[in-house]
Amino acid sequence: MKLLSILHRWSGGLIGILLALLGLTGAILVWEGEWIGVAGAGDPVVEQVGQIAAISQRAVADGAIRITFAGEEIGLHLVAKEGGAGEYIRQDGSIAASWASQWERPELWIFDLHHHLLSGETGEWVTGIAGIFGLLFVITGSILWWRSRRAFEWRIWPRKMQPGPVVRHHRDFGIIVAPLLLVSFLTGLGMLFPAAARVVLSPWGTIAASAKPPTVEPSSHAAPVSSMLRQAKARFPNAELRRLTVPAKPDGAFSVRMRQPFEWTPNGRTALYFDRSGKVVRVDDPAGSTQATSINEKFYPVHTGKAGGLPWKLAMTLSGLSLALLGSLAVWSFWIRRVIHRRSRIQRRSLATASRPEAEAA
């Protein structure tokens with residue numbers, strides 16, 4: 001148990017700030033739709049296929065590489081372009097905001113910071129490792145709390161900003177929010193490490209590895225994007241149009257993402273792929289998927305607070321803020337305690353050195 005306590009303290013002291021950063025940015029992103037600050041973001045969504053098709057056709061001709069259509073959270077179409085540029089388009093087709101770099105839009109760079117630490121795939125791996133440590137902190141912290149459970153105190157903030165009270169607060173507050181942290185870490189790791197998720201969920205069926213978009217015959221003709229969207233809507237009339245992705249390579253397929261009523265993921269898992277003439281080349285319909293796939297599909301909406309309405313958004317906000325508090329105070333108490341102990345040793349040595357001449361003179 002002593003070794004477990006040492007490992008828990010040292011790991012928290014070294015990685016706590018990173019976990020605090022992930023928790024804080026995650027809590028901020030839960031409420032992205034409320035603070036985005038662009039006119040039209042709060043507009044109710046009215047899906048007019050003709051209007052969406054016309055907007056998409058113009059956006060693709062203007063260099064769009066991805067269009068995320070207006071949804072429940074944000075009533076604007078988000079157009080992404082090369083180099084981090086993009087724009088928000090109102091549902092009537094007018095431009096609400098545009099930018100040349102993601103640094104001009106806080107919701108974009110905060111998202112990148114939370115998911116990739118602004119470092120692409122490398123940052124994503126670091127985030128995954130931090131998530132593994134976070135999961136281990138919840139488990140080991142619960143084990144360590146059990147031995148001192150009789151001294152439990154319900155406190156949101158430490159009684160004093162001193163190492164001892166901070167450690168006690170960390171122990172007791174951590175056990176209160178442990179279930180929420182456990183959900184956050186498990187769902188986050190499930191998304192970052194899909195191979196591990198497939199193994200864990202195997203008792204409930206198989207999860208097919210993410211299929212790559214099909215390859216198609218290259219063509220120099222302008223792709224009939226509006227026709228693709230109309231075909232997708234005709235194929236799944238009860239599904240919402242959620243995203244159009246333009247292929248990066250000449251032999252890549254256009255994809256249209258849709259969300260059927262039973263899907264939890266905001267952008268859906270239903271996908272149709274088209275060649276550059278507008279012909280459907282593949283359809284991915286999750287309606288007949290396994291129970292394991294259904295569980296896996298819920299990781300993202302649960303992790304981001306996009307399922308369960310306001311109560312779950314508040315729960316995930318509490319999870320993120322709690323992680324920020326626990327991580328930052330763990331680092332503070334760990335290093336402050338070491339500084340205090342070092343100063344005490346120096347003072348004792350100074351007193352001992354000063355007392356020796358006095359003793360010799362006597």
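The following exchange examines how several features of this predicted model are assigned.

User: What makes Lys 233 and Glu 47 a salt bridge?

Analyst: The closest N and O atoms of Lys 233 and Glu 47 are 2.5 Å apart. A salt bridge requires a side-chain nitrogen of Lys or Arg within 4 Å of a carboxyl oxygen of Asp or Glu, and the pair therefore qualifies. Lys 233 belongs to helix α8 (residues 225-235), whereas Glu 47 is in the loop between α2 (32-35) and α3 (49-61); 186 residues separate the two, and the pair links distant parts of the chain. By this rule, the model has 11 salt bridges.

User: Why is Lys 233 called buried, and why is Glu 47 called partly exposed?

Analyst: Lys 233 has a relative accessibility of 16%, and buried means under 20%, so Lys 233 counts as buried. The relative accessible area of Glu 47 is 31%. Partly exposed covers the range between the 20% limit for buried and the 50% limit for exposed, and Glu 47 is therefore partly exposed.

User: How do you know that Glu 87 and Lys 81 form a salt bridge, and what network includes them?

Analyst: Their side chains meet at 3.9 Å, N to O; the cut-off is within 4 Å, so the pair is accepted as a salt bridge. Glu 87 is buried, at 8% relative accessibility, and Lys 81 is buried as well, at 19%. Salt bridges with shared partners join Asp 62, Lys 81 and Glu 87 into one network.

User: What makes Arg 159 and Glu 153 a salt bridge, and which cavity do these residues line?

Analyst: The closest N and O atoms of Arg 159 and Glu 153 lie 2.9 Å apart, which satisfies the requirement of within 4 Å. Glu 153 is partly exposed, with a relative accessibility of 34%. Both residues line the largest cavity, together with Arg 155, Pro 158, Pro 165, Arg 168, His 169 and Asp 172. The volume of this cavity is about 90 Å³.

User: How many cavities of 30 Å³ or more are counted, and what makes a space a cavity?

Analyst: One cavity of 30 Å³ or more is counted. A cavity is a set of grid points where a 1.4 Å probe fits but cannot get out. The largest cavity, at about 90 Å³, meets the size threshold.

User: Why is Met 1 called exposed, and of which surface patch is Met 1 a part?

Analyst: Exposed means over 50% relative accessible area; Met 1 has a relative accessibility of 51%, so Met 1 counts as exposed. Met 1 is found in the segment before α1 (2-30). With Ile 132, Leu 136, Ile 139 and Ile 143, Met 1 makes a nonpolar surface patch of about 440 Å².

User: Why is Gly 75 called buried, and which residues does Gly 75 contact?

Analyst: The relative accessible area of Gly 75 is 1%, which is under the 20% limit, so Gly 75 is buried. Gly 75 is located in the loop between β1 (64-68) and β2 (77-81). Leaving aside neighbours within four places in sequence, Gly 75 is in contact with Gly 40, Ala 41, Asp 43, Val 45, Ala 70 and Gln 91.

User: How do you know that Ala 64 is buried, and what does Ala 64 touch?

Analyst: Ala 64, in strand β1, has a relative accessible area of 4%; since buried means under 20%, Ala 64 is buried. Not counting residues up to four places away in sequence, Ala 64 touches Ala 59, Val 79, Ala 80, Lys 81 and Val 246.

User: What is the phi of Leu 117, and what is the phi of Leu 118?

Analyst: Leu 117 has phi near 55°, a positive value in a residue other than glycine. Leu 118 also has a positive phi, of about 60°, although it is not a glycine. Leu 117 is in the loop between α4 (106-116) and α5 (120-146), and Leu 118 lies in the loop between α4 and α5. Leu 117 counts as buried at 18% relative accessibility, whereas Leu 118 counts as partly exposed at 36%.

User: Which residues of α4 are buried, and against which elements do they pack?

Analyst: In α4, Glu 107, Ile 110, Asp 112, Leu 113 and His 114 are buried. The buried residues of α4 pack against α1, α2, β3 (86-89), α5 and α10 (299-304).

How values were computed
Residues numbered from 1 in each chain as written. Predicted model: local features only at pLDDT ≥ 70, side-chain atom pairs only at ≥ 80, totals over all residues. Heavy atoms only, no water. Helix = DSSP H or I, 4+ residues; strand = E, 2+ residues; numbered from the N terminus. Buried < 20%, exposed > 50% of the residue type's maximum accessible area, 1.4 Å probe, protein only. Patch = residues over 30% accessible without salt bridge, like charges linked within 9 Å, V, L, I, M, F, W, Y side chains within 5 Å. Areas by Shrake-Rupley, 256 points an atom, 1.4 Å probe, with all protein chains shown as cover. Contact = heavy atoms within 4.5 Å. 1 Å grid on protein atoms, 1.4 Å probe; cavity = no way out; pocket = protein on both sides within 12 Å on 5 of 7 lines; lining within 4 Å. Points joined across faces, edges and corners; volume = space filled by probe spheres on them.
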